[in-house]
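Hi everyone, thanks for coming. Let me put today's structure up on the screen, and then we'll walk through it together.

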Amino acid sequence: MAKAESDVEAVRQRAARDQRRMDAGAVSSAKELEQLAHEIESLARRRGDLEDLELEVMERLESAQANVIHLQQRQQQLAAELADVERRRDEQLDGIARDTAYLTEERVRLAADLPADLMALYTKLRADHDGVGAAALRQRRCEGCRLELTAMDLGRIKAAPPEEVLRCEECRRILVRTPESGV
Ligand SMILES: [Zn+2]
């Protein structure tokens, strides 16, 4: 914009200087006068072109300024959204931390009541089987290895007393009977 303005101004000054020379009668030669008149004419055209350009630049500047305002608004909007998402994330992380603390305590409390040999077996199985030492028996399926038990195994489980520690014949994890075991 400043460049466009200064270009117009330079042409305007040059034309004004030529016009003054002409008006002052400083040029006497007809040929020089003709040249001067010709230059004034072409400077007027040039000035017109440059003013058109200046207008175009002004329009582009205004459009860019409008775009800047739009982007600033969008930035504020996104910053607010980000703050909201971060707040919700932090709430969830707090919840997870509370749950973890509670479950860790619960686990310690429950483990204290279990026989030492059962805990030792569970700990070993857990280490050997990707962190899952015991699995629920649900719909005749071991939830540890996902395999369906044979009719023979199910019959054996059905006959076993409640305190007996059962194992999956496939993955060897401890099988926990549930109301949905299907036996
Ligand atoms: Zn299994």
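So, to start us off: which residue just after α1 takes a positive phi? It's Gly25, and its phi is about 70 degrees. Before I go further, please keep in mind that this is a predicted model.

Okay, let's talk about α1 itself, which covers residues 2–23. Here's a quick sanity check on that helix. With 22 residues at 1.5 Å a residue, α1 should span 32 Å, and its end C-alpha atoms are 31 Å apart, so the two agree.

Now look at α2, residues 30–113. The axes of α1 and α2 come within 9 Å and cross at roughly 160 degrees. Angles over 145 degrees count as roughly antiparallel, and therefore that's what we call α1 and α2. The crossing of α1 past α2 is left-handed.

Who actually meets whom there? On the α1 side, the contact residues include Ala4, Val8, Val11, Ala15 and Met22, along with charged ones such as Glu5, Arg12 and Asp18. On the α2 side, you'll find Leu36, Ile40, Leu43, Leu50 and Val57 among them, plus Glu39, Arg47 and Glu54. If you sort the residues of this contact by type, you get 12 nonpolar, one polar and 11 charged.

Right, on to the strands. There's an open sheet of four, in the order β2-β1-β4-β3, and the pairing is mixed. β2 and β3 stand at the edges with a single partner strand each, so one side of each has no neighbour in the sheet.

Let's start in the middle of that order. β1, residues 134–138, pairs with β4, residues 174–177, in the parallel sense over four bridges. In that pairing, Ala135 stands opposite Leu175, and Leu137 has Arg177 as its bridge partner.

Moving out to one edge, β1 and β2 run antiparallel and are joined by two bridges. One of the partnerships here is Arg138 with Arg141. These strands make a hairpin with two residues between them, and Gln139 in the turn has a positive phi of about 50 degrees.

At the other edge, β3 and β4 are also antiparallel, again with two bridges. Leu166 has Leu175 as its bridge partner in β4, and that's the Leu175 we just saw opposite Ala135. This hairpin has six residues between its strands, and Arg172 takes a positive phi near 70 degrees.

That's my tour, so over to you for questions.

Key:
Residues are numbered from 1 along each chain as its sequence is written. This is a predicted model: local features need pLDDT of at least 70, side-chain atom pairs count only at pLDDT 80 or more; totals for chains, interfaces and linings use all residues. Axes are lines fitted to C-alpha atoms, for helices over the stretch in contact, and angles run from 0 to 180 degrees between N-to-C directions. Angles under 35 degrees count as roughly parallel, over 145 as roughly antiparallel, 65 to 115 as roughly perpendicular and the rest as oblique. A crossing is left-handed if the near helix is turned anticlockwise from the far one by less than a right angle, and right-handed if clockwise. Two residues are in contact if their C-beta atoms, placed from the backbone, lie within 7 Å. Two strands pair if DSSP finds at least two bridges between them. The expected span of a helix is 1.5 Å times one less than its number of residues.
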